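Reader: I should like to work through a structure by asking about its side chains. May we begin once it is displayed?

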Amino acid sequence: MEPAVHDPSDQRTVALYQVAFAYRLEASDTDGDMAVLEVEIPPKTLVKPHQHSKEDEFTVVLSGRVGARIGDTFHEEIPAGASIVKPRGVPHAMWNVTDEPARILEIVRPAGLERYFEEIAPVLGEHGPGWTERFYALAQQYGLTILDDWSNELKAKYGITL
């Protein structure tokens, strides 16, 4: 790994629907040790509930307030400045509980999950036969389990959407 300063204008971004990911550090910057992503979650928006088998996630709430479900524990409002630990193997979900955008910093160890976001973005714009199979196959390729039952429950409980 080489010492470096990465100018924000040179960093890539990916949008999954309205959730925007800014790549602050990628696998190539850290010898695969970690990725750091700044994520903006629009108001009343749920990030698809899931579980990782390959990486741990650490979150810092930069602005706004988010809700989270980690395992069977619900956290209704997590304020800016708080941090969240989401170990691999533990199902989790996060959502913006407010009418303003929320910003979080996601630290993912080891790196590699950032490639999933790039690959899933065009799939999310598809329609028709085979879309669902491609969506779940890509998640499986990256060691993710998508928790659709949680999505329905959280959308109903908190009035949020994907």
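Reader: Is phenylalanine 135 buried or exposed?

Author: The model is a predicted one, and the answer rests on computed accessibility. Buried means under 20% relative accessible area. The relative accessible area of phenylalanine 135 is 7%, so this residue is classed as buried.

Reader: Which kind of aromatic pair do phenylalanine 135 and tyrosine 136 form?

Author: A pair of aromatic rings is described by the distance of the centres and the angle of the planes. For phenylalanine 135 and tyrosine 136, the centres are 4.9 Å apart and the planes stand at 90°. Planes over 60 degrees apart count as edge-to-face. The pair of phenylalanine 135 and tyrosine 136 is therefore edge-to-face.

Reader: To which accessibility class does tyrosine 136 belong?

Author: The class between buried and exposed runs from 20% to 50% relative accessible area. Tyrosine 136 has a relative accessibility of 33%, and therefore it counts as partly exposed.

Reader: How many aromatic pairs does the structure hold?

Author: One pair joins tyrosine 116 and phenylalanine 117, with ring centres 5.8 Å apart and planes at 65°, so it is edge-to-face. Both of these residues are buried. Ring pairs also link Tyr116 and Phe117 with Phe21 and Tyr142 into a cluster. In the structure as a whole, the number of aromatic pairs is six.

Reader: Which residue has its charged end over the ring of phenylalanine 74?

Author: A charge sits over a ring only if it is within 6 Å of the ring centre. Here the charged end lies 4.1 Å from the centre of the phenylalanine 74 ring, and it belongs to lysine 157.

Reader: Over the face of which residue does arginine 12 lie?

Author: Arginine 12 is partly exposed, because its relative accessibility is 33%. Its distance from the ring centre is 4.9 Å, and the ring is that of tyrosine 23.

Reader: With which residue does the side chain of arginine 12 meet in a salt bridge?

Author: The N to O distance in this salt bridge is 2.6 Å. The pair links distant parts of the chain, 106 residues apart: arginine 12 is in the segment before strand S1, and its partner is in helix H1. That partner is partly exposed, at 25% relative accessibility. The residue is glutamate 118.

Reader: Which residues are joined with Arg12 into one network?

Author: A search of the whole structure finds 15 salt bridges. Some of them share partners, and such sharing joins Arg12 into one network with Glu26, Arg115 and Glu118.

Reader: Are glutamate 106 and lysine 86 buried or exposed?

Author: Glutamate 106 and lysine 86 form a salt bridge, their closest N and O atoms being 3.1 Å apart. Glutamate 106 is in strand S10 and lysine 86 in strand S8, 20 residues apart. Both residues fall in one class: buried.

Reader: How many nonpolar residues are in the lining of the largest pocket?

Author: The largest pocket has a volume of about 560 Å³. It is lined by 31 residues, and the closest to its centre are Leu16, Val47, Lys48, His50 and Phe117. Among the elements that give two or more residues to the lining are S2, S10 and H1. By class, the lining has three polar residues, four charged ones and, for the class asked about, 24 nonpolar residues.

Conventions:
Residues are numbered from 1 along each chain as its sequence is written. This is a predicted model: local features need pLDDT of at least 70, side-chain atom pairs count only at pLDDT 80 or more; totals for chains, interfaces and linings use all residues. Side-chain values use heavy atoms; hydrogens and water are left out. A salt bridge is a side-chain nitrogen of Lys or Arg within 4 Å of a carboxyl oxygen of Asp or Glu. Helices (H or I, at least four residues) and strands (E, at least two) are DSSP runs, numbered from the N terminus. Buried means under 20% relative accessible area, exposed over 50%, partly exposed in between (1.4 Å probe, protein chains only). Rings of Phe, Tyr and Trp (its six-membered ring) pair if their centres lie within 6.5 Å; planes under 30 degrees apart count as stacked, over 60 as edge-to-face and the rest as tilted. A charge sits over a ring if NZ of Lys or CZ of Arg is within 6 Å of the ring centre and within 35 degrees of the ring normal. On a 1 Å grid over the protein atoms alone, a cavity is a set of points where a 1.4 Å probe fits but cannot get out, and a pocket is an open set with protein on both sides within 12 Å along at least five of seven lines; lining residues have an atom within 4 Å of a point. Grid points are joined across faces, edges and corners, and a volume is the space filled by probe spheres set on the points. Ala, Val, Leu, Ile, Met, Phe, Trp, Tyr, Cys and Pro count as nonpolar, Asp, Glu, Lys and Arg as charged, and the others, Gly among them, as polar.
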